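Visitor: Could you take one part of this model and walk me through it slowly, from the way its pieces are connected to what surrounds them? I would like one connected account rather than a list.

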Amino acid sequence: MKLIRQLLPCLALCAGAAAAAPPKAAMSDWITPAERSQFRTTPSYADTHAYLERLAAAAPQTIRLTRFGVSPEGRDLMLVVAAKGGEFTPEAARASGKDIVLVQAGIHAGEIEGKDAALMLLRDLSVAGRHAKLLDHAILVWLPIFNVDGHENSTPYNRINQNGPDEMGFRATAQNLNLNRDYTKADAPEMRDWLAMFAAWQPDLFMDIHTTDGADYQYDLTWYMESWGPLHPAVKAWEDHAFKQSIFPAFDRMGHLQAPYLDLVDHRDITKGVGNFGSGPRFSTGYVALRNRAALLVETHMLKPYAVRVKATYDLVVAVLDYINAHPGELRKATAQADADTIAHANDRVEIPVAFKTTDQPITMTLKGYAFTQQKSDISGDTWVTYDPKTPRTYEIPFYRDLIATASVRLPAAYIVPPGWPEVVDKLAQHGIRFERLAEASSLDVERYRLTKPVWDAKPFEGRHVISEVAIAAEHAKVGIPAGSVLVPMDQPAANVVANLLEPAAPDSLLRWGFLDTVFEQKEYADARVAERLARDAIAKDPALKAEFDAKVAADPEFAKSPSARLAFFYERSPWFTTQQVGAYPVLRLDAAALGKLRPAR
Ligand SMILES: [Zn+2]
């Protein structure tokens with residue numbers, strides 16, 4: 001109930017309160033479409049664009065409407081910049097030293113609180129003259145609708161679990177891609193535009209606004225921070241301190257209730273506990289963390305009224321800006337430190353985790369939930385859960401909060417991508433990774449991987465057949481590096497992104513997403529009649545080979561009954577096969593000494 005008082009933001013109040021505000025009559029022109037409908041509806045792309053265009057025209061000193069790309073269906077990807085000192089470009093914003101906060105709405109277009117909060121807060125920061133001090137030390141960059149094509153695919157039926165607005169956009173893009181799984185593979189044109197935008201702005205803090213699915217509970221907003229990956233300790237410390245000590249308590253004082261993101265262990269029984277969903281670089285916040293930046297996933301609760309969810313988003317951004325205003329430069333100092341250390345430690349063979357799992361050691365969490373009943377369902381044959389939101393209940397539940405690494409990699413000083421893999425090079429370019437093309441051929445001591453036992457998922461996921469498992473063996477070798485190869489040095493702020501794209505052990509690497517599937521393919525085969533002769537010649541020269549063959553026939557019935565496998569046994573051990581390099585991962589790893597030979601001048 002305490003929430004209700006907070007529902008209607010500011011219009012009447014703030015227009016009167018601000019000394020520099022336009023006359024009251026004019027303020028009614030700035031009621032947002034969602035406010036006008038009492039938060040029953042959310043505006044179309046065209047109406048959102050029109051409102052922001054009008055706002056930017058009315059407040060050119062504070063608001064600029066820009067675009068960072070175009071969707072496949074031809075809509076501009078809007079970006080609104082709110083700044084006090086005319087810092088409307090990435091260059092000016094970076095140069096100002098102010099903390100840059102990027103808020104993203106509508107990556108899942110049906111979860112659109114962040115757009116309606118954007119219209120209200122951008123208005124309040126400019127023409128309404130409210131909260132104007134919040135831009136003293138921060139530049140606010142707001143992406144009002146990321147998935148613009150999905151946003152226009154609007155119906156009442158896109159989000160069955162959600163309590164309004166009346167109609168809403170669709171989760172996926174016009175290509176049916178989920179942008180929030182696309183951050184490393186960047187198959188969507190929108191994502192490629194986003195990556196360029198992000199590399200230009202390098203925002204210090206990124207907030208991605210969503211709406212939950214799942215259980216019912218008292219919280220109107222849950223959140224997730226990227227605390228488990230290779231995020232720099234200074235940025236982690238800022239996140240921990242700023243959010244947990246100041247921003248979340250301030251948010252609660254504004255009449256809200258927040259908690260960590262609740263990933264239920266068992267949807268039938270919330271008391272069984274919640275886990276850490278683990279994120280990863282395919283997700284927005286997981287990706288941003290790899291770029292040394294603070295990131296917060298925001299999930300408003302789907303069953304709260306739309307007005308409550310929009311207000312929660314609005315108030316959280318206000319609380320964030322309020323903290324930054326009170327601690328100017330603190331965040332920028334942390335992100336700059338992270339970038340500098342990443343560059344300085346490029347030759348230190350730093351080990352980073354690339355895959356995680358939860359431990360079986362939970363902590364105890366106090367959950368502000370509701371009473372619930374479980375009954376046997378004759379429809380599902382399982383348990384049917386009903387929550388009673390009139391009966392708040394507090395539960396002590398296990399929280400499987402901690403993640404441990406299941407795969408780690410030691411960073412090389414540089415990678416080499418041979419010229420035969422232009423798609424890999426294109427991906428690096430799309431991520432804004434710095435690399436250089438080698439004009440001359442050379443010979444170098446490198447570390448390389450031999451990949452075996454790949455397992456592809458049977459069904460496509462996000463348009464690709466993911467490699468879910470692969471065995472990786474590393475070896476050192478002296479190899480020829482062809483002219484035109486691409487050298488990717490790791491003394492750059494995005495080094496952790498590079499490793500997550502190029503290391504086969506990383507679940508979101510280009511190999512796992514299928515960009516290098518051909519490395520597993522055999523292209524030449526021995527005719528059976530030729531292999532027969534090859535086998536007999538080999539046995540004559542090497543009796544031990546025959547013993548090995550006989551042992552395999554005896555031990556492996558599948559092998560024993562396959563004529564082609566029996567002949568392949570000899571072909572695969574001949575020089576005729578080794579030229580094929582099946583499973584040879586083409587991307588090479590250089591240590592500092594090898595890199596020094598390539599770049600003696602540095
Ligand atoms: Zn979402």
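Guide: A crossover is called right-handed if, with the strands pointing away from the viewer, the path from the first strand over the helix to the second runs clockwise. The model in front of you is a predicted one, and in it β6, α9 and β7 make a β-α-β unit of that right-handed kind. I will start from β6 and work outwards.

Strand β6 covers residues 221-225, and five of its five residues are buried. In a regular strand the side chains alternate between the two faces of the sheet. Here neither face is left open, for Leu221, Trp223 and Met225 are buried on one side, while Thr222 and Tyr224 are buried on the other. With strand β7, residues 258-260, β6 pairs in the parallel sense over three bridges, and within that pairing threonine 222 faces alanine 259 of β7. The pairing of β6 with β10 is antiparallel and is made over five bridges, with methionine 225 placed opposite leucine 296 of β10.

From β10 it is worth singling out glutamate 299, which lies in that strand. Its relative accessibility is 8%, and because buried means under 20%, glutamate 299 counts as buried. Setting aside neighbours within four places in sequence, glutamate 299 is in contact with Asp220, Leu221 and Thr222, and also with His210, Thr211, Thr212 and Tyr261. Two of those partners, Leu221 and Thr222, have already appeared on opposite faces of β6. Glutamate 299 can also be related to alanine 312, which is 13 residues away in sequence and 10.0 Å away in space, C-alpha to C-alpha.

Another of those contacts, His210, leads to the metal site. The zinc ion has three protein donors, namely His108 through ND1, Glu111 through OE and His210 through ND1, and they lie 2.0 to 2.1 Å from the ion. Along the sequence these donor residues follow the spacing H-x2-E-x98-H, and both histidine 108 and glutamate 111 are buried.

The same strand β10 also helps to cover a helix, α12. That helix spans residues 330-344, 15 residues in total, and its first and last C-alpha atoms are 21 Å apart, close to the 21 Å expected at 1.5 Å a residue. Its buried residues are Leu331, Arg332, Ala334, Thr335, Ala338, Asp339 and Thr342. They cover an arc of only 165° around the axis, which puts them on the same side of α12. The face turned away from that buried side carries the exposed residues Lys333 and Ala344. Besides β10 (294-300), what covers the buried residues includes α9 (233-253), the helix of the β-α-β unit, together with α5 (90-96), β3 (99-105), β5 (205-211) and α14 (495-502).

A second helix, α15, can be read in the same manner. It has 14 residues, 528-541, and reaches 20 Å from its first C-alpha to its last, close to the 20 Å expected at 1.5 Å a residue. Ala531, Leu534 and Ala535 are its buried residues. Seen down the axis of α15, they fall within an arc of 100°, so they line one face of the helix. Arg529, Arg536 and Ala540 are exposed on the other side, and the cover over the buried residues includes α18 (563-571) and α19 (575-578).

For comparison with the buried glutamate of β10, glutamate 447 is found in strand β17, residues 442-456. At 17% relative accessibility, glutamate 447 also counts as buried, and, residues up to four places away in sequence not being counted, it touches Ala474, Glu475, His476, Leu588 and Arg589. Arginine 54, in helix α4 (residues 45-58), is instead partly exposed, with a relative accessible area of 38%. Leaving aside neighbours within four places in sequence, arginine 54 is in contact with Asp29 and Trp30; tryptophan 30 is 24 residues from it in sequence and 9.4 Å from it in space, C-alpha to C-alpha.

Note on methods: Residues numbered from 1 in each chain as written. Predicted model: local features only at pLDDT ≥ 70, side-chain atom pairs only at ≥ 80, totals over all residues. Heavy atoms only, no water. Helix = DSSP H or I, 4+ residues; strand = E, 2+ residues; numbered from the N terminus. Expected span 1.5 Å × (residues − 1). Buried < 20%, exposed > 50% of the residue type's maximum accessible area, 1.4 Å probe, protein only. Arc of directions from axis to C-beta. Contact = heavy atoms within 4.5 Å. Pairing = 2+ DSSP bridges. Donors = N, O, S within 2.8 Å, 3.2 Å for Na, K, Ca; no water.
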